[in-house]
Amino acid sequence: MKSRLIPKTMGTQHPDNVKRPFFAPRPLLEDELEIKEAYHSFKDLGIEEQMWDFEGKETDEHVVKKLLMKYGDFFKEKVLGRDCFLTIRLPNPAVQKAEGKILLETLESIPRNYDIAYLFYKKDVPPIFEVILPMTVSAKEIIRIEEYYDRFVFKKQNAYVSDIKIKDWIGKIRPRKINVIPLIERISELIKVDEIIREYLANSRLKRDYLRVFLARSDPALNFGYVSAFLALEIALLKLDRLEREAGVEIFPIVGAGCPPFRGHFTPENVENCLNAYPSAHTFTVQSSFKYDYPVEVVREAIEKINKHERSRPREVDEQKSMDIIARFMESYQRDIEKLAPLVNIIAPYIPKRRARALHVGLFGYSRGEGRVFLPRAIPFCAALYSIGIPPEILGFESLEKEDIEYLSQDENFVHDLRKAMRFACYDVIKKQLPELKIPETLQFDSDPEYAKLALSIWKAIKFDASNLDELVLEAAEFRNFLG
């Protein structure tokens with residue numbers, strides 16, 4: 001059994017909000033404002049964990065020191081590492097070679113943050129002891145992080161420099177070990193997540209009484225379509241549940257969902273549906289739109305509901321049927337995306353920035369050395385398509401048969417998501433831009449006439465006069481109540 005509080009809400013730094021954060025003087029969050037954001041997430045919203053992102057952005061390594069110095073009264077009551085948590089998201093050197101050494105620097109910073117917290121609390125409570133490894137595709141990647149920390153961060157204290165042991169020279173290095181949370185982001189790995197974790201358990205030198213496994217919802221949808229991501233997440237949760245009982249190790253899944261239906265439809269207003277859709281998930285990401293595009297009291301109530309939620313067994317799914325749908329849907333979705341990619345890349349620069357971060361551009365989100373289509377990340381991608389009235393949820397359906405739609409529609413959340421997404425459709429633009437696209441009749445829900453008119457204006461501005469395109473894009477985002 002777990003011997004610590006496993007957080008149920010994880011605040012993230014995803015830049016998907018339209019409105020200015022309630023504590024900030026400006027919409028763009030950077031530097032000290034992200035320190036302030038972490039504090040307000042804990043104090044004002046009741047979020048139990050804050051992801052501190054070192055992937056793709058300039059990040060303050062001195063976050064622990066600044067939090068404890070600036071907000072000492074709060075953190076004396078709510079102990080960092082016991083009552084609220086900071087969890088680092090690392091770069092993955094297997095994919096992001098240019099940021100590989102940031103991984104090493106970040107791991108080296110963990111003992112320094114421990115020393116700062118020890119001076120503050122006068123007790124052994126590591127403020128940071130878990131790290132997230134994005135784009136994990138194998139058990140070896142997880143084990144490499146563990147072993148590097150063990151051999152080259154922790155154990156180096158017993159080595160000599162000239163005439164003295166390192167630990168006698170600079171002090172002991174703590175914590176003794178770190179937990180690595182694999183973030184699974186591709187469909188191919190989501191549907192075999194049990195194999196990855198089983199291999200990890202068999203080969204890791206660490207004895208773990210629990211594991212946290214992070215299942216992405218945004219990038220699988222960006223890369224392979226809404227339906228594929230929807231079904232793959234259900235399969236992954238089911239397989240982790242089976243593995244948990246097989247291996248005798250508690251597994252606490254984290255679901256990384258955003259506010260748009262395409263990215264998970266995790267909003268304060270839709271929390272109950274998401275908890276029912278993924279009953280075995282333990283932790284949910286609370287992204288920026290969730291936090292800042294709704295009244296603070298509404299957000300706080302939703303966070304409290306999630307924090308009180310007790311996970312249960314996952315939904316049963318027909319794995320073979322789901323896998324068959326995924327295989328067909330992925331191909332048709334990617335064909336549709338190839339047609340829309342030039343248009344998306346024209347609109348993306350007009351999407352307002354909400355974080356000072358590097359923009360990853362590559363094949364369907366990240367450059368992985370395959371394929372022909374290059375797109376921005378999930379948030380500007382979604383924002384671009386919603387802006388012109390082509391909800392990305394509808395792409396790829398031409399590959400599905402009537403019985404496939406009936407199978408998917410058995411899940412109330414699937415129908416609910418599509419109905420919400422189609423409010424932001426402009427059928428005129430869809431017919432002009434994708435004349436061969438076939439939306440099943442049962443999913444042709446009504447769009448909002450006012451939004452459809454705005455989306456048509458944006459589409460025409462791209463074609464004829466982009467002088468006020470940024471204003472129109474922002475107006476559409478405010479209408480939706482999320483950026484992308």
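In the predicted model, Lys-122 lies in the loop between helix H4 and strand E4 (130-133). The phi angle of Lys-122 is near 60°, a positive value in a residue other than glycine. With a relative accessible area of 61%, Lys-122 is exposed, because the cut-off for this class is over 50%.

A positive phi also occurs at Asn-481, where the angle is about 75° although the residue is not a glycine. Asn-481 is placed in the segment after helix H20 (469-480). The relative accessibility of Asn-481 is 16%, and this residue therefore counts as buried, the limit being under 20%. Thus, of these two residues with positive phi, Lys-122 is exposed, whereas Asn-481 is buried.

Another backbone feature is found at Pro-175, in the loop between helix H6 (166-170) and strand E7 (179-184). The peptide bond that leads from Arg-174 to Pro-175 is cis, and its omega angle is near 10°.

Helix H4, which spans residues 100-121, packs against helix H2, which spans residues 63-70. The axes of the two helices are 8 Å apart and form an angle of about 20°. Since angles under 35 degrees count as roughly parallel, H2 and H4 are therefore described as roughly parallel to each other. The crossing in which H2 passes H4 is left-handed. On the side of H2, the contact is made by Val-64, Lys-65 and Leu-68; on the side of H4, it is made by Asn-113, Ile-116, Ala-117, Phe-120 and Tyr-121. Six of the residues in this contact are nonpolar, one is polar and one is charged. The charged residue is Lys-65 of H2, and the polar residue is Asn-113 of H4.

The surroundings of Glu-146 were also examined. Glu-146 belongs to helix H5, which covers residues 139-154. This residue has a relative accessible area of 6% and is therefore buried, as the value falls under 20%. The side chain of Glu-146 makes a polar contact with the side chain of Ser-204, at 2.8 Å. When residues up to four places away in sequence are not counted, Glu-146 touches Val-180, Tyr-200, Ser-204, Leu-206 and Arg-208. Ser-204 thus appears both among the residues touched by Glu-146 and as the partner in the polar contact between side chains. Another of the residues touched by Glu-146, Val-180, falls within the range of strand E7 (179-184).

Definitions and conventions. Residues are numbered from 1 along each chain as its sequence is written. This is a predicted model: local features need pLDDT of at least 70, side-chain atom pairs count only at pLDDT 80 or more; totals for chains, interfaces and linings use all residues. Side-chain values use heavy atoms; hydrogens and water are left out. Axes are lines fitted to C-alpha atoms, for helices over the stretch in contact, and angles run from 0 to 180 degrees between N-to-C directions. Helices (H or I, at least four residues) and strands (E, at least two) are DSSP runs, numbered from the N terminus. Angles under 35 degrees count as roughly parallel, over 145 as roughly antiparallel, 65 to 115 as roughly perpendicular and the rest as oblique. A crossing is left-handed if the near helix is turned anticlockwise from the far one by less than a right angle, and right-handed if clockwise. Contact means heavy atoms within 4.5 Å. Buried means under 20% relative accessible area, exposed over 50%, partly exposed in between (1.4 Å probe, protein chains only). A polar contact is a pair of N or O atoms within 3.5 Å; within protein, one must be able to donate a hydrogen and the other to accept it, and residues adjacent in sequence count only if both atoms are side-chain atoms.
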